[in-house]
Amino acid sequence: MNQNILTIIIQLAYLVASVLFIVGIKMLGKTHTAREGNIYSAVAMFIAIVATLLVQEVLSYTEIFVTILIGSAVGTYVAKKVEMTQMPEMVGLFNGFGGLASVLVATSEYWRMAHDANIAMPVITGVTVVLSVIIGAVTFTGSMVAYGKLAGKINGNAITFSGQHPLNAILFLIMLVASIFLVLDPNNDIYMIAVLAIGLLLGILTVIPIGGADMPVVISLLNSYSGVAACFTGFVLNNQVLIIAGALVGASGIILTQIMCKAMNRSLVSVLLGGFGQGGSSA
Amino acid sequence: MSIENLIVLLYVLVLASYVGFELIAKVPPTLHTPLMSGSNAISGITIVGAIICAGPLPGEFPLSKILGMVALFFATLNVVGGYVVTDRMLQMFKKKK
């Protein structure tokens with residue numbers, strides 16, 4: 001009885017948060033309401049977090065509060081200190097952390113299910129774990145490269161080498177095969193490690209050939225990816241608010257990326273294929 | 001997860017994606033970066049997943065718990081940093097106007 005009421009409260013809170021996220025994004029798109037929109041969305045996030053703390057399995061409050069406190073302090077400090085001109089790379093950095101978090105969540109849940117003798121991992125869970133790990137990993141390393149390029153920590157030019165596209169294609173195929181094996185035989189960690197490692201590598205390899213001038217578009221696209229990754233972790237954990245907020249970011253991020261491309265007079269495909277510095281011919 | 005449950009979640013996914021597509025239209029170029037930053041903060045929603053993974057006592061699967069705690073740290077950075085950065089951008093925006 002008590003447990004049921006708690007579940008209903010949590011679900012209703014998730015519903016309120018989802019609506020506030022939608023209203024927030026809508027308001028962010030208009031000049032005079034943008035700042036309030038951001039606050040709406042922050043309130044939505046707060047509600048979602050508080051509701052999740054009520055979940056029955058959540059027991060270790062001290063560790064969770066301490067971790068959130070440290071994360072908030074570091075996040076606020078960095079966000080306040082950064083110069084206005086460095087904003088896009090800051091967004092890239094934070095976005096990468098979001099992708100990393102999705103990878104870790106999916107891996108954590110995978111580990112629990114793969115090593116619990118009493119549970120056979122359902123195919124759906126296997127598929128969604130693989131998807132969130134791959135997309136999250138690409139988001140993480142891709143965003144780190146984008147951040148490095150904008151911050152001048154690595155060469156901002158388009159870095160291309162011969163055989164780049166075939167190499168990516170081969171890695172992608174290996175990752176695909178490992179993913180299928182993982183879904184069929186989820187208790188075998190080696191496939192998981194392979195999928196994770198190649199995902200991380202592909203994030204680097206796909207962003208490295210893109211020039212620094214195109215980085216804002218790339219960050220916008222990776223932002224969309226991090227939404228999709230969060231959305232799939234929602235399927236892994238059977239959690240609606242993750243799916244809704246993730247899908248919102250995933251879909252609106254893709255549209256925004258397209259709009260940004262148009263504003264810069266470029267096509268999304270050519271940005272993705274990279275090598276813009278070389279007059280459009282790549283590899 | 002049961003099939004019925006999966007279907008419901010797929011409904012949620014499709015409808016939320018549709019709303020996401022529809023939300024972004026006629027956004028003035030000056031708002032592109034703040035909007036990207038704001039939705040980046042929202043993608044930090046994975047913090048909810050991190051709390052669920054970090055929540056249980058270590059028990060039989062300490063690695064799951066550790067991964068959850070690390071995820072929680074990075075997700076918090078994403079959420080808090082994302083919102084503060086977005087707010088700073090929009091604050092600038094208002095002063096200019």
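Helix H4 of chain A (residues 87-114) and helix H2 of chain B (residues 32-43) have axes that come within 9 Å and cross at roughly 15 degrees. Axes here are lines fitted to C-alpha atoms, for helices over the stretch in contact, with angles running from 0 to 180 degrees between N-to-C directions; helices are DSSP runs of H or I with at least four residues, strands are runs of E with at least two, and both are numbered from the N terminus. H4(A) and H2(B) are therefore roughly parallel to each other, a label given to angles under 35 degrees (over 145 is roughly antiparallel, 65 to 115 roughly perpendicular, and the rest oblique). Their crossing is left-handed, meaning that the near helix is turned anticlockwise from the far one by less than a right angle (clockwise would be right-handed). On the H4(A) side the contact (heavy atoms within 4.5 Å) is made by A:Val91, A:Phe94 and A:Asn95, and on the H2(B) side by B:Met36, B:Ser37, B:Asn40 and B:Ser43.

All of this comes from a predicted model, in which local features need pLDDT of at least 70 and side-chain atom pairs count only at pLDDT 80 or more, while totals for chains, interfaces and linings use all residues. Residues are numbered from 1 along each chain as its sequence is written, chains are lettered from A and ligands numbered from 1 in the order in which they are written, and side-chain values use heavy atoms, with hydrogens and water left out.

Chain A as a whole has 10 helices and zero strands. Its C-alpha trace spans about 65 × 50 × 30 Å along the principal axes. As for burial, 53% of the 283 residues of chain A count as buried, that is, under 20% relative accessible area (exposed is over 50%, partly exposed in between; 1.4 Å probe, protein chains only). Of the contacts in chain A between residues at least 6 apart in sequence, 72% join residues at least 24 apart.

A few single residues are worth a look. A:Thr67 sits in helix H3 (residues 61-81) of chain A and, at 12% relative accessibility, counts as buried. Leaving aside residues up to four places away in sequence, A:Thr67 touches B:Met69, B:Leu72 and B:Phe73.

Then there are two asparagines in loops. A:Asn238 has a positive phi of about 60 degrees despite not being a glycine; its place is the loop between helix H8 (215-237) and helix H9 (240-263) of chain A, and at 35% relative accessibility A:Asn238 counts as partly exposed. A:Asn265 also has a positive phi, near 60 degrees, and lies in the loop between H9 and helix H10 (268-273) of chain A. With a relative accessible area of 73%, A:Asn265 is exposed.
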